[in-house]
Protein chains: 2
Amino acid sequence: MTTQTEATLLTVSQVAKIAHVTVRALHHYDQRGLLVPSERSAAGYRLYSDRDLERLQQILLLRQLDFSLEAIGPLIDATAYDRKQALEAQRELLLAQRGRTNAIIRGVDAALSALKGDSPMDKKKMFEGFEEMDASKYDVEAKEKWGETDAYKVSMRRTKAYSKDDWARIKAEEEAIQAGLAELLTSGVSAESDEAVDLAEQHRQHIDRWYYPCSPEMHVGLSDMYTADPRFEEHFEKRAKGLASYVQTAITANALQE
Amino acid sequence: MTTQTEATLLTVSQVAKIAHVTVRALHHYDQRGLLVPSERSAAGYRLYSDRDLERLQQILLLRQLDFSLEAIGPLIDATAYDRKQALEAQRELLLAQRGRTNAIIRGVDAALSALKGDSPMDKKKMFEGFEEMDASKYDVEAKEKWGETDAYKVSMRRTKAYSKDDWARIKAEEEAIQAGLAELLTSGVSAESDEAVDLAEQHRQHIDRWYYPCSPEMHVGLSDMYTADPRFEEHFEKRAKGLASYVQTAITANALQE
DNA sequence: GGTAGACCCTGACGTTACGTAAGGGTCAAG
DNA sequence: CTTGACCCTTACGTAACGTCAGGGTCTACC
């Protein structure tokens, strides 16, 4: 076995039951790379780890908040360096959602009152709570309270609105940056060279542009995850052996130049 | 103008804005007969009345509770005789939904705690709140509290699970009953004749089977709506002049035989 | 009266997130 | 070995719209 030696791995139906999703949904998430099980048995069975279940919780949570599957994957990955902040931001969105349910309940109560008194109900009030999360309003509030420093919230706001074309473009940019770094690595170019550092800076700007304001410090924090988290590491190593560490070094060197 | 002479009628964009839906959604609801605007202007513009907005509130509420559009129309119509009961039942489902949001929030809080202590989180707790409304559990509770007399709740439970085939069958049965009654009316057969009363009984059993336990008394209550509510009346009159009243009389006669 | 912009209509293709089904392999208990 | 529950991949279909196209209507302003 691998690093999951001590853990109990679960099959799809076990996960489906625990997580209140269908086996088909899990297949779907696997097929689109959103939640790839840690292992497969010799027979090809999907085997899910505890860590997979944590990621699934994140997925279901963001799904509950009406994020598209297209957005959920990258959102989780781009902000993996600070799980606490992510959870706190998600909590706030859930509170807002609960508020909307409360508003709908109040509308029902108003309708019940109107039934008794036979007085017409205010139209605006009838439909309170049915509005979707107002991202622009949220933005204003976030700015007033926290300035522009709450990265995860900014990130959620942005990614929710991206179209499929946006995502295609985002992915192409990421691909180009990673391919460039892999090329440098295999060519024997130092991770601290101008070329590598330049690509690292491109990477930082890419995140800054598409996800959240990304300072060099934040960038470094994210790069630490690339070697610390087996999923990221595997992602990079699949492209080129040693790439995870290489990218981390390049990003660190880039930050030192600031 | 019609009976809406004193009211202000709204265009699609006005309704869309108030109700937080899209114009496209309103077109869709119109196209499938779910929410047909009271009027059309000479230019063909959809014009919505206050009563239309009330119906839209019901639609959005049931949509919020994950009922299919297929189910929403018939559900609203079959239980139109008691709007109070409908609203109260819907309120309870909303409370349950809020409870599930609360459960998810608790899961997030547990995850935050787990982050600090680095102790693994209970798997069951991770996914609390993501389950769908458990109709069978709800059924048990309804029985204990109210016996089988809470018609609307029973109705909601049943209709939520019907397939498209079920709905096709339901509609075909309704169609046959109504066509039969219309035929008797146009043939000059009394609404209190055995034939008409027999069809009225078939109607009661149809509702009893597909929607909720329907006593003769309830059936009479519903039939009162057929002449009292312009939408129902129009529906019947479109088929045969005087049919709304005819059906009501047949249903009343059927109830008197019990 | 003409213009322009906002709004309206119908028709139609496309999308997202699966649901359902088919056909066949795997696992574990009896 | 058999059986039933579970697993796999493949593939078609669906609900509830979203988006777009092409053209008509309404109203204010010049």
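**Close-up 1. Backbone and side-chain contacts to the phosphates of DNA strand D.** In this predicted model, a backbone N or O atom of Arg46(A) lies 2.9 Å from a phosphate oxygen of DNA strand D. Chain A also places the side chain of Ser13(A) at this strand, with an N or O atom 2.7 Å from a phosphate oxygen. From chain B, the side chain of Tyr29(B) brings an N or O atom to 2.8 Å from a phosphate oxygen of DNA strand D.

**Close-up 2. The protein surface around DNA strand D.** DNA strand D is surrounded by 21 residues, and the closest of them are Ser13(A), Thr22(B), Tyr29(B), Leu69(B) and Lys164(B). At least two residues of this surface come from each of helix H1 (12-19) and H2 of chain A and from H2 of chain B, with H2(B) giving the most, namely four residues. Sorted by class, the surface near DNA strand D has seven nonpolar, seven polar and seven charged residues. On the DNA side, 74% of the atoms of strand D within 4 Å of the protein belong to sugar or phosphate, and the rest belong to bases.

**Close-up 3. Side chains of chain B at the backbone of DNA strand C.** A polar side-chain atom of Thr11(B) lies 2.9 Å from a phosphate oxygen of DNA strand C, and an N or O atom in the side chain of His27(B) is 3.0 Å from a phosphate oxygen of this strand. The side chain of Tyr45(B) is placed at another kind of atom, with an N or O atom 3.3 Å from a sugar or linking oxygen of DNA strand C. The elements that give two or more residues to the surface near DNA strand C are helix H1 (12-19) and helix H2 (23-31) of chain B, together with helix H2 (23-31) of chain A.

**Close-up 4. The protein surface around DNA strand C.** Which residues are the closest to DNA strand C? Among the 21 residues that surround this strand, the closest are Thr22(A), Tyr29(A), Leu69(A), Ser13(B) and Arg46(B). H2(A) gives the most to this surface, with four residues, and the classes represented near DNA strand C are seven nonpolar, seven polar and seven charged residues. Of the atoms of DNA strand C within 4 Å of the protein, 74% belong to sugar or phosphate, whereas the rest belong to bases.

**Close-up 5. The interface between chain B and chain A.** The contact takes 37 residues from chain B and 37 residues from chain A. About 3700 Å² of area is buried between the two chains, and carbon and sulfur atoms give 75% of this area.

**Close-up 6. Polar pairs and the helices of chain B at the interface.** Four salt bridges are counted between chain B and chain A, and one of the pairs that form a salt bridge is Asp50(B) with Lys123(A), whose closest N and O atoms are 3.1 Å apart. Eight residue pairs, both partners at pLDDT 80 or more, are found in polar contact across the interface of chain B and chain A. On the side of chain B that touches chain A, at least two residues come from each of H1, helix H3 (50-64), helix H5 (83-117) and helix H6 (123-126) of chain B. The largest share of this side, 19 residues, comes from H5(B). By class, the side of chain B that touches chain A has 20 nonpolar, seven polar and 10 charged residues.

Note on methods
Residues numbered from 1 in each chain as written. Chains lettered and ligands numbered in written order. Predicted model: local features only at pLDDT ≥ 70, side-chain atom pairs only at ≥ 80, totals over all residues. Heavy atoms only, no water. Near = heavy atom within 4 Å. Polar contact = N/O pair within 3.5 Å; in protein donor to acceptor, adjacent residues only side chain to side chain. Nonpolar A, V, L, I, M, F, W, Y, C, P; charged D, E, K, R; others polar. Contact = heavy atoms within 4.5 Å. Buried area = accessible area lost by both parts, 1.4 Å probe. Salt bridge = Lys/Arg side-chain N within 4 Å of Asp/Glu carboxyl O.
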